[in-house]
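This report describes a single protein chain, moving from one helix to its surroundings and then to the chain as a whole. Please keep the structure in view while reading.

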Amino acid sequence: MHQLINERLPYLREKTSLLTTMPGVYKMKNKDGNIIYIGKAKNLKNRVTSYFRESADHTPKVAKMVENVFDYDFIVTDSEYEALVLECSLIKQHKPKYNILLKDDKGYHYIHVSDEHYPRITAQKQMITTGITLGPYTSQSVTKQTVSELNKVFRLPTCRKKFPQEIGRNRPCLNFYINQCMGVCTGSISEDEYNDIINQAVEYAKSGSKQSVERLKAEMTEAAENLDFEKAARIRDRISSIEKASETQKIVDSELADTDIIASVSDSRGTCISVLIYRNGKLVDKVTNYFEDASSDEELMGNFIAANYTDPAEIPKNIFVEYDIEDSQIIEQLLRELCGRAVHIIYRQKGSMMKYIMMARNNASELLSMRSGRTGKELIALEELSKLLGLPKPPEYIEAYDISNMGSSAMCASMVVFENGRPLKSRYKKFSIKNVKIQNDYACMHEVLERRFRHYLDESETDEGFKKMPDLVFLDGSKGQVNAVEPYLREMGIGVPVYGIVKDNKHRTRAISTGGSEISVSSLKSAFSLITAIQDEMHRCAITYTKKLHKKLSYETRITSVKGIGPKKAQKILMNYKTLSAIRDADADELAKVAGIKPETARELIDVIKEG
């Protein structure tokens, strides 16, 4: 085994311990900053960790590469497929010393629709500029099988006849008679009809066909039942080809010929800005920058763009951003004067470009997460939530309340706490309702919130969970719940934002409620997931406490049914013995001493519990 000699290993291991588990590409660099190896990973943390383990048993080539790693960078993607495409592209661009595969043009394959009156669909190894090109795909077999499926499903001609020149000149070929070709050569298909079918085939290649996959699965099942396993395997491979061919990716896009995509993610400490750089329709690099105590995101983004592009050769034609920058026209003019051509700063909040902006945000969030110890998804969720609710900063400390009861008995509430997007169970609180005697969720919520913040206002309070002011409060319920507590909190001088979590008839998160309206959250995936997690946790805690309280009340009822034992003595007995079985097995004299009752009363209590 080759003994690694790399003084940077402790640093590399520490850095990798904070790495994301998302798919992506990693770029190993030497001390001069040159890229010496590029790889892809389904799970970046697991893959990169494998290089720097103390007991790693590397091949000589890998061991030599690891010896020369000074640092590494990474680009997060949304799928392993995107990581594969990006790896292929970057290896061709940089030609790293330790990469031995995919250095030539054999990595990409395309589906091509020819530019002619009656287009043909073929598999190609090179991108053809005329006609329609789909891809790239990294598997030649997938590309060929997809083309075969397209021609078969849509009964397209695969012969060498030229149309329309040879229409009607000869008899149709065998494919027409076995119903695998529509028979353009017969003259029965017009050019317009044929091109409509081609358009359908292109859409099929882009998105796949659910009906076709279902049909093929039925054929595969039938073949397997008939013990024709070879046929079943072939159909299985065709299904796989269709599904893989319909995968989308954001690594190669001919429309992004000269474009930078810029997005940012913030927490209470600072902001990370990520720039995805596309040149000649390919993602070629990622640049990230961190800013402490930044101003507003919109102002920071404008200042960053104005200061970032100082080299005229690096100024792109288009800059896509997620914020509407106030001085964008002035910044465009500044960049135009630097590079001598038009530069466009384009603001996008929806549409096809959002997937690229989200990819840039994911990369920004992963760098920020390495600084904060949080995951990128948690940071994005908190930032989305702050923007959705108009908060000045992402809410690091969130409290959420839920009321639970069994009629007018066992009425209680739970308070759950999420810190930086994660449950903080050490700060959870449980409240039994004291002042509300009949079922009234609004009155119960009012009582609980008032009691909680009375603790906060009490200068002698020592409980850390009560001494901290939350950044945001959620209530389980709609505007009625919010209106029941918000005015009283304002009277107490508590200015924390209060919102309700609204559920649908299946108890699933539907929206966030203010005192007068509802805010939809379904379009914000990360924020929606966080709110759902908060709702599920506070409901779980409330129900658990209700059951426990109800059980305790039923215990107390049985204990107080014995003459000479009141509620206070019953509670004292339960505090010492916890369960009815423990009371049943207790020594009568000891029980009498603990509860402060007569020995005969203790024996009667034991008998009551044994009976029932």
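Which residues of helix α3 (residues 60-67) are buried? In this predicted model, the buried residues of helix α3 are Ala 63, Met 65 and Val 66. Because these three cover an arc of only 160° around the axis, they lie on the same side of α3. As general background, an α-helix has 3.6 residues a turn, so residues three or four places apart point the same way. The cover over the buried residues of α3 includes α1 (9-17) and α2, together with strands β1 and β2.

Two of those covering elements, β1 and β2, belong to an open sheet of 3 strands, in which the order is β2-β1-β3 and the pairing is antiparallel. Strands β2 (35-41) and β3 (71-76) form the edges, each of them pairing on one side only, and from one strand to the next the twist averages 20°. Between β1 (residues 24-29) and β2 the antiparallel pairing extends over 6 bridges, and Gly 24 has Ala 41 in β2 as its bridge partner.

Two helices lie across β1, β2 and β3, namely α2 and α4; the table gives the angle of each helix to a named strand.

| Helix | Residues | Lies across | Angle |
|---|---|---|---|
| α2 | 44-52 | β1, β2 and β3 | about 25° to β1 |
| α4 | 80-94 | β1, β2 and β3 | about 165° to β2 |

Turning to the nonpolar interior, the largest nonpolar core has 46 residues, of which Ile 121, Leu 150, Tyr 194, Ile 261, Tyr 278 and Leu 283 touch the most other members. Once its neighbours within four places in sequence are left aside, Leu 283 is in contact with Ile 75, Leu 86, Ser 89, Leu 90, Ile 251, Leu 276, Ile 277, Tyr 278 and Met 359. Another core, lying apart from the largest one, consists of 27 residues, and Met 411, Met 415, Cys 444 and Phe 466 are among them.

For the chain as a whole, there are 21 helices and 19 strands, and 47% of the 612 residues count as buried. Among the contacts with a separation of 6 or more, 61% are between residues 24 or more positions apart. The accessible surface of the chain comes to about 31500 Å², and carbon and sulfur atoms account for 48% of that surface.

Notes. Residues are numbered from 1 along each chain as its sequence is written. This is a predicted model: local features need pLDDT of at least 70, side-chain atom pairs count only at pLDDT 80 or more; totals for chains, interfaces and linings use all residues. Side-chain values use heavy atoms; hydrogens and water are left out. A nonpolar core is a set of buried Ala, Val, Leu, Ile, Met, Phe, Trp, Tyr and Cys residues joined through side-chain atoms within 4.5 Å. Buried means under 20% relative accessible area, exposed over 50%, partly exposed in between (1.4 Å probe, protein chains only). Contact means heavy atoms within 4.5 Å. Two strands pair if DSSP finds at least two bridges between them. Helices (H or I, at least four residues) and strands (E, at least two) are DSSP runs, numbered from the N terminus. Axes are lines fitted to C-alpha atoms, for helices over the stretch in contact, and angles run from 0 to 180 degrees between N-to-C directions. Accessible areas come from the Shrake-Rupley method with a 1.4 Å probe; for residues, only the protein chains shown count as cover. The arc is that of the directions from the helix axis to the C-beta atoms.
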